[in-house]
Amino acid sequence: MGKSYVPEPFRIKMVETIKMLSREEREEKIAKAKYNLFNLNSEDVYIDLLTDSGTNAMSQEQWAGIMRGDEAYAGGASYLKLIKTAQEIFDYNFIQLVHQGRAAEKVLFSVLLEKGKYTISNMHFDTTRAHVELAGARAIDCVVEEALDSSKKAPFKGNMDINKLEKYINQYGADKIALIIMTITNNSAGGQPVSIQNIKETSEICKKYNIKLCIDAARYAENAYFIKQRELGYQNKSIQEIIKEIFSYADMFTMSAKKDAIVNMGGLIGIKNDDQLFQQVKNATISYEGFITYGGLSGRDIEALAIGLKEGLDENYLKYRIGQMEYLAGLLDDAGIKYQSPVGGHGVFVDAKSMFPHIPYYEFPAQALAVELYKEAGIRTCDIGSYMLGNDPDTGKQLKADFEFTRLAIPRRVYTQAHLDKIAETLISIKERADKVKGYKITWEPPILRHFQASLTPIK
Ligand SMILES: *Cc1c(COP(=O)(O)O)cnc(C)c1O
């Protein structure tokens with residue numbers, strides 16, 4: 001039997017009305033959206049699980065902070081508060097503010113990467129891969145084997161495959177590897193955590209070959225919570241202590257603050273102690289994002305971010321947060337629906353390949369499940385599979401993803417237990433008619449990050 005629900009460690013002070021359209025209306029809306037969930041209007045969605053990015057509910061403290069935001073162009077009080085908070089959390093000398101995670105990637109990679117270079121990661125997130133390629137370099141994924149088997153239970157399925165990492169370094173040449181990127185949690189592998197042991201071993205390899213280690217830190221707090229739960233020796237450490245240790249092994253980080261910092265917009269770059277690199281980052285920030293003390297954000301957003309960074313580390317909150325994933329996953333276990341298990345930190349990644357074995361990767365089974373969830377109950381999700389992966393940048397051929405996941409990303413502090421019950425119920429009814437669901441083909445696509453904009457049509 002499934003897991004019991006961890007009650008919310010908060011009460012609700014403000015509400016936002018949502019409603020479900022009729023089935024006819026939903027079918028009409030999704031056809032008009034060219035079967036791309038990103039084209040739907042949010043008012044036509046009942047439960048929005050498209051992403052956990054920037055969809056968080058802020059606290060009363062954050063909303064109060066919004067009123068205090070200092071809108072000065074240079075040297076604002078909110079900026080100074082944010083930098084102090086971030087320096088304390090990560091123990092890094094230099095923090096640069098930017099407007100979101102991909103801005104951090106654009107700024108940092110424009111300085112560090114060039115044509116002929118490679119990055120190796122436990123898994124590049126889609127925007128990370130895009131910015132590696134836009135900087136002229138190429139991205140290599142190096143996740144542990146067990147991540148590729150969704151039904152195989154392992155505590156840290158987000159880990160880097162250390163043996164493979166060293167093999168790749170020798171194969172491509174250490175001087176060609178510009179950066180090693182550790183994504184915590186490993187979003188594309190299903191929000192799977194990375195162990196401290198693995199971060200440490202990766203850092204030792206980096207030192208051996210003189211390669212810099214960068215943490216892609218979008219969900220660093222959720223990752224720290226998993227370490228506390230699962231890694232021997234960390235049960236009695238605080239989330240803050242675990243975070244300090246994680247970041248001590250790296251040289252720098254990029255962060256989308258739209259995840260674990262529980263805000264709607266924001267991003268950070270952290271640099272441990274390389275002041276020359278920090279100067280280059282500041283120069284690039286001014287060109288791409290705005291002056292270094294606002295980095296593409298308004299003062300009120302910066303103030304909310306400074307507060308949210310701390311709230312995201314609260315252990316009661318993290319217990320409830322991960323508890324929501326475990327509760328929903330438990331309902332799917334009871335129904336025999338496969339997902340990346342054990343469940344990760346920010347959503348349930350349903351194994352669409354296993355639900356629709358008759359749909360090949362090039363007809364996008366995970367996109368097909370996403371469309372069915374919308375048609376069935378107005379639930380918006382997204383494909384994390386071959387549809388998202390896209391084409392080989394050199395040959396233009398459709399790539400085959402390691403997984404075909406439909407991601408049910410859970411926004412922070414937004415949905416209740418009854419919403420999770422509705423989601424499970426909907427998946428169960430789709431499973432009952434799974435053999436009748438058909439795949440999709442693309443009728444138009446842009447050259448990069450195509451899943452946001454492409455048009456699709458059902459295969460007859
Ligand atoms: C969201 C995310 C990014 C990109 O951040 P944005 O704020 O969406 O630009 C990068 N890496 C990971 C792992 C992410 O989850």
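**Figure 1. A salt bridge joins Glu88 and Lys84.** The closest N and O atoms of the two side chains are 3.5 Å apart. This is a predicted model, and the distances and areas in these legends are computed from it. Both residues belong to helix 3, which covers residues 77–90. Glu88 and Lys84 are four residues apart, or about one turn of that helix. An α-helix has 3.6 residues a turn, so residues three or four places apart point the same way. Side chains of opposite charge can pair when their charged atoms come close. Lys84 is exposed, with a relative accessible area of 55%, while Glu88 is partly exposed at 38%.

**Figure 2. Asp44 and Lys29 form a salt bridge.** Here the closest N and O atoms are 3.7 Å apart. Asp44 sits in the loop between helix 1 (23–32) and strand 1 (47–48), and Lys29 sits in helix 1, so the pair ties together parts that are 15 residues apart in sequence. Asp44 is buried, its relative accessible area being 8%. Lys29 is partly exposed, with a value of 29%.

**Figure 3. Glu376 and Arg433 are paired in a salt bridge.** The closest N and O atoms of this pair are 2.7 Å apart. The salt bridge links distant parts of the chain, since Glu376 is in helix 14 (residues 365–377) and Arg433 is in the loop between helix 16 (417–432) and strand 13 (440–444). The two residues are 57 residues apart. Glu376 is partly exposed, with a relative accessible area of 21%. Arg433 also counts as partly exposed, at 25%. Which residues are linked with Glu376 and Arg433 in a network of salt bridges? The other members are Arg23, Glu27, Glu372 and Lys375. In the whole structure, a search finds 30 salt bridges.

**Figure 4. Lys228 is a buried residue of helix 8.** The helix covers residues 220–230. Lys228 has a relative accessible area of 13%; the cut-off for buried is under 20%, so Lys228 counts as buried. Which residues are in contact with Lys228, leaving aside neighbours within four places in sequence? They are Tyr234, Gln235, Lys237, Ser238, Ile239, Ile242 and Glu315.

**Figure 5. Thr254 lies buried in strand 7.** Strand 7 covers residues 252–256. The relative accessible area of Thr254 is 3%. Not counting residues up to four places away in sequence, Thr254 touches Ala104, Glu105 and Leu108, and also Cys214, Ile215, Asp216, Ala217 and Leu268.

**Figure 6. A shell of 16 residues surrounds the ligand.** The closest of these residues are Gln100, Arg102, Asp216, Ser256 and Lys259. Three side chains each place a polar atom by an oxygen atom of the ligand: Ser256 at 2.7 Å, Arg219 at 2.8 Å and Lys259 at 2.9 Å. Taken alone, the ligand exposes 380 Å², and the protein buries 97% of that area. Two elements give two or more residues to the shell, namely helix 4 (101–112) and helix 5 (126–134). Helix 4 gives the most, with three residues. By type, the shell divides into eight polar, six charged and two nonpolar residues.

**Figure 7. Helix 5 is largely enclosed by the rest of the structure.** How many of the nine residues of helix 5 are buried? Eight of them are, so the helix is largely enclosed. The buried residues are Asp126, Thr127, Thr128, Arg129, Ala130, His131, Val132 and Glu133. Among the elements that cover them are helix 4 and helix 15 (386–389). The cover also includes strand 3 (118–121), strand 4 (138–141), strand 5 (177–183) and strand 6 (213–216). Just after helix 5, Gly136 takes a positive phi of about 95 degrees. Helix 5 also appears in the view of the ligand, where this helix is one of the elements that give two or more residues to the shell.

Terms used. Residues are numbered from 1 along each chain as its sequence is written. This is a predicted model: local features need pLDDT of at least 70, side-chain atom pairs count only at pLDDT 80 or more; totals for chains, interfaces and linings use all residues. Side-chain values use heavy atoms; hydrogens and water are left out. Buried means under 20% relative accessible area, exposed over 50%, partly exposed in between (1.4 Å probe, protein chains only). Contact means heavy atoms within 4.5 Å. A salt bridge is a side-chain nitrogen of Lys or Arg within 4 Å of a carboxyl oxygen of Asp or Glu. A residue is near a molecule or strand if one of its heavy atoms lies within 4 Å of it. A polar contact is a pair of N or O atoms within 3.5 Å; within protein, one must be able to donate a hydrogen and the other to accept it, and residues adjacent in sequence count only if both atoms are side-chain atoms. Accessible areas come from the Shrake-Rupley method with a 1.4 Å probe; for residues, only the protein chains shown count as cover. Ala, Val, Leu, Ile, Met, Phe, Trp, Tyr, Cys and Pro count as nonpolar, Asp, Glu, Lys and Arg as charged, and the others, Gly among them, as polar.
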